[in-house]
Amino acid sequence: MKTRYLVSTLALAAATALALAGCSSASSASDDGTLRVVASTNVYGDIAETIGGGAIHVTSLMDDPAQDPHSFEASAQNQLAVSKADIVIENGGGYDDFMQNLLTGSKNDGTTVLNVVELSGLTATDGELNEHVWYDFPTIQKFTDALVAALSKVDPDQKATFETNADAFTQKLDALEADEAKLKAAHAGEGVAITEPVPLYMLDAIGLVNKTPEKFSAAIEEENDVSPVVLKDTLELFSGHRVKLLAYNEQTTGAETERVLAAAKGNGVPVVPVTETLPAGKHYIDWMRSNLDAVGSALAK
C-alpha cells in the first residue's frame, strides 16, 4: 500500500540540526541511566514499557487516540528522540515510513531497529500485505522475543528482569490466543464486514470470513472515493443480513464509512469499533481483550 503518513522536509532538516547541536554523540542511556526506546506508535511503546519496566524510558511518537493516524506528521522533537535512542521500534510494511526518514536523519549509528513486519514473517496476500500486524498475536510474540534480546544486549544486568516480564506478558498473549480458538470453534465460517483491514488478523484467527468488497476497504484505506456500485454492494451486506458484525475503524471516518455504519445499525447488525492506536487508559493486553470480548458478544447475538 502507499505510505499513509506525511513528513515535513523542513521540519526534519531543522530537527537534524537540533539533534546535532544538542547531542554531539548519541548517549547510550537517558539522564537517569535507563535505556532510551522510541516506538512509532503507543501500541509498541506500551509493550516495551511492560517488558522493560523501570529499566527503560519509552517515547511513543503516535500516542493520541483521538488523532487520525493517517495524517501524522513527524516533528523536530521526534527526530531528536530517534537520534538519541538505543532501540527504535517501527511497524514496517509501509505503515510508518516516516520512521525511515527519521532514522536516515539520525546520527546515532548504534541504534538497534526492530521492524515488526519483518519479524512477523507474514507475506502479502494477492499482492497486498495487511500491515496491521499488532492484531496478530503470534507476531507480537515474535516481537516480544526480539525486544528482550535487544534490551538484554544493551543492558545485560537487567536480562533476568526483561525475561521475567516477558514471560508474564506471554502468558497473557497465550490466553488471548486460546480465546480466539474458542470463538473459532463456535463461529468459524461466519461472515463479517470491515471498513478497513485493521482487525483482519484477529478476525481471520477466529475463522471469520470477510465479505466486504475488496475495492471498498481498499478505497477507504487509501482515502479514495468509493464507486456507487461498490458502495451499493457493501450496503447490501447489511440489508441482506449476510454478515454477523461490522468492524468499524473509529479513527478514520468519512461519508462512505458513515453510510456503512448507518446501514449496519439500521439493519440490526452489531458494530465493533476498532482503533489503530492504543486507547487512553488501556494497556495492550487489556485493549486486545476488549476487542475480543466485543467480537464475541457481537457473534453471540
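In which sense, parallel or antiparallel, do S7 and strand S8 (residues 209-210) pair, and over how many bridges? I looked this up first and found that S7 and S8 pair in the parallel sense over 2 bridges, where two strands count as paired if DSSP finds at least two bridges between them.

**Ground rules.** I noted that this is a predicted model, in which local features need pLDDT of at least 70 and side-chain atom pairs count only at pLDDT 80 or more, while totals for chains, interfaces and linings use all residues. Residues are numbered from 1 along each chain as its sequence is written, and side-chain values use heavy atoms, with hydrogens and water left out.

**Overview.** I read off 12 helices and 10 strands in the protein; helices (H or I, at least four residues) and strands (E, at least two) are DSSP runs, numbered from the N terminus. Of the 301 residues, 53% are buried, where buried means under 20% relative accessible area, exposed over 50%, and partly exposed in between, with a 1.4 Å probe and protein chains only.

**The sheet.** I followed S7 further and found an open sheet of 4 strands in the order S8-S7-S9-S10, with parallel pairing. S8 and strand S10 (271-274) stand at the edges with a single partner strand each, so one side of each is left without a neighbour in the sheet. In S8, Asn210 is the bridge partner of Val192, and on the way from S7 to S8 the chain passes through helix H8 (residues 200-205) in a right-handed β-α-β crossover; right-handed means that, with the strands pointing away from the viewer, the path from the first strand over the helix to the second runs clockwise. S7 is also joined to S9 by 2 bridges, again in parallel, and Ala193 stands opposite Leu246 in S9.

In a regular strand the side chains alternate between the two faces of the sheet. Which residues of S7 (residues 191-194) lie on each side? I found Gly191 and Ala193 on one side and Val192 and Ile194 on the other, all of them buried, and both faces are therefore covered.

**The cores.** I next looked at the largest nonpolar core, which has 70 residues; such a core is a set of buried Ala, Val, Leu, Ile, Met, Phe, Trp, Tyr and Cys residues joined through side-chain atoms within 4.5 Å. Among the residues with the most contacts inside this core are Tyr44, Ile89 and Trp134. Leaving aside neighbours within four places in sequence, Tyr44 is in contact (heavy atoms within 4.5 Å) with residues including Ile89, Val116, Trp134 and Phe143. A second, separate core of 18 residues includes Val230, Leu231, Leu237 and Phe238.

**Two helices.** I checked helix H2 (residues 42-52) against helix H7 (residues 159-187): their axes come within 7 Å and cross at roughly 120°. The axes are lines fitted to C-alpha atoms, for helices over the stretch in contact, and angles run from 0 to 180 degrees between N-to-C directions. H2 and H7 are therefore oblique to each other, given that angles under 35 degrees count as roughly parallel, over 145 as roughly antiparallel, 65 to 115 as roughly perpendicular and the rest as oblique. Ile47 and Thr50 are among the H2 residues that meet H7, where Phe162 and Phe169 are among those met.

**Positive phi.** Most residues other than glycine have a negative phi. I noted Glu223, with a positive phi of about 60°, in the loop between helix H9 (214-221) and helix H10 (228-239); Glu223 is exposed, with a relative accessible area of 53%.
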